Amino acid sequence: MRTIAIEEHYATTQFLNGPGGWLKTRPGIVEPICNLGEARIKAMDDAGIDLAVLSLAAPGVEQLDGPSAVRLAHDCNNELAAAIERFPDRLAGFATLPISQPEAAADELERAVRKHGFAGGVVNGHCRGVYLDDAHFEPVLDRAAALQAPLYLHPTMPPPAVIDSCYAGFSEQVSFALATVGWGWHINTATHVLRIILAGVFDRHPNLQLIIGHMGEGIPFMAPRFDATLKPELTGLNHPVSTYLRRNLHYTFANFNDPATYANLVANVGVERVAFSTDYPFGSMNAGRNFLDSLPLSQRDRARISHRNAELLLGL
């Protein structure tokens with residue numbers, strides 16, 4: 001059965017020498033994340049993955065000043081486009097967006113989608129402490145909606161003030177893990193999604209689609225609570241929060257290979273909103289594939305998660 005993985009990462013040398021410098025401290029990451037050639041294709045073959053949709057690793061360009069972000073995003077997108085051209089049946093891409101300059105980001109999204117056939121864009125969390133619900137970013141959201149180009153909302157480090165108030169006070173290693181992979185960037189992404197919903201973004205753009213990873217960043221577990229406490233008569237929204245979670249959000253595995261978490265996700269949002277991913281190279285493609293194969297799914301649902309949902313969402 002065809003398998004598409006839609007949260008897979010890459011990096012360029014230019015990115016590693018700039019905002020992606022933290023990747024150099026991660027053992028075993030630099031070589032696979034920078035490889036956009038035969039070695040990556042072989043790793044996909046070994047795991048039985050037919051197509052990988054690649055996005056620039058966090059923190060992306062979101063924390064750069066406008067001109068620097070525009071230059072790096074353009075260069076990274078061109079490098080990814082060249083790799084896709086070499087392996088058009090195996091690789092696809094989400095465009096890096098210089099959202100610190102929203103009009104330029106909207107134009108870069110359109111260029112990547114129309115010229116290079118990218119599947120959408122990726123946004124790595126906040127932009128210097130400001131989130132996509134802010135009116136400043138409306139040009140990006142408007143263009144994404146017009147292009148029918150989904151945006152993958154990926155975690156990044158929480159703002160410094162949040163780190164200082166919530167995650168400091170432990171050893172450097174513990175504080176870093178707590179602020180990132182252990183808790184902080186998942187809960188920060190969930191809060192970001194809620195801000196987007198509560199700001200009425202999906203009422204203004206009912207066809208706009210966002211994708212989040214890690215089995216929903218904790219959001220599905222809280223869906224009943226959202227509906228009980230953030231009712232439309234309080235929020236002024238057209239619908240309960242759960243409606244947007246099931247209409248405008250899509251969810252991927254992204255190395256959360258846990259049966260109970262998967263069961264909660266599907267119970268709250270439905271299997272038709274779930275797609276496969278492995279978070280490579282931060283997660284193992286083989287482990288992700290083994291987890292997918294272990295799930296007790298009907299043939300129809302297995303096809304949905306393996307490839308059909310991604311095909312419909314991304315036009316693959």
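Started with salt bridges: a search of the whole structure, which is a predicted model, turns up twelve of them.

Looked at Asp 45 and Arg 90 next. They form a salt bridge, with the closest N and O atoms 2.8 Å apart. Asp 45 sits in helix α3 and Arg 90 in the loop between α4 and β3, so this pair ties together parts 45 residues apart in sequence. I checked exposure too: Asp 45 is partly exposed at 47% relative accessibility, while Arg 90 comes out buried at 19%.

Then I went to helix α5 (residues 102–116), where Glu 108 and Arg 111 lie three residues apart, about one turn of the helix. They form a salt bridge, and the closest N and O atoms are 2.8 Å apart. Both Glu 108 and Arg 111 are buried.

Pulled up Glu 138 and Arg 204 after that. Their salt bridge has its closest N and O atoms 3.0 Å apart. It links distant parts of the chain, with Glu 138 in helix α6 and Arg 204 in helix α10, 66 residues apart. Glu 138 is partly exposed at 22%, and Arg 204 is partly exposed at 43%. I also noted a network: Asp 107, Glu 110, Arg 114 and Arg 143 are joined by salt bridges that share partners.

Last stop was Glu 8, in strand β1 (residues 4–10). What is the nearest side chain of opposite charge to Glu 8? I found Arg 40, 6.2 Å away; Glu 8 is buried and has no salt bridge. The Glu 8 side chain does have a polar contact of 2.5 Å with the side chain of Thr 278. Beyond four places in sequence, the contacts of Glu 8 include Val 53, Ser 55, Asp 279 and Met 285.

Notes: Residues are numbered from 1 along each chain as its sequence is written. This is a predicted model: local features need pLDDT of at least 70, side-chain atom pairs count only at pLDDT 80 or more; totals for chains, interfaces and linings use all residues. Side-chain values use heavy atoms; hydrogens and water are left out. Helices (H or I, at least four residues) and strands (E, at least two) are DSSP runs, numbered from the N terminus. Buried means under 20% relative accessible area, exposed over 50%, partly exposed in between (1.4 Å probe, protein chains only). Lys and Arg count as positive and Asp and Glu as negative; His and the chain ends are not counted. A salt bridge is a side-chain nitrogen of Lys or Arg within 4 Å of a carboxyl oxygen of Asp or Glu. A polar contact is a pair of N or O atoms within 3.5 Å; within protein, one must be able to donate a hydrogen and the other to accept it, and residues adjacent in sequence count only if both atoms are side-chain atoms. Contact means heavy atoms within 4.5 Å.
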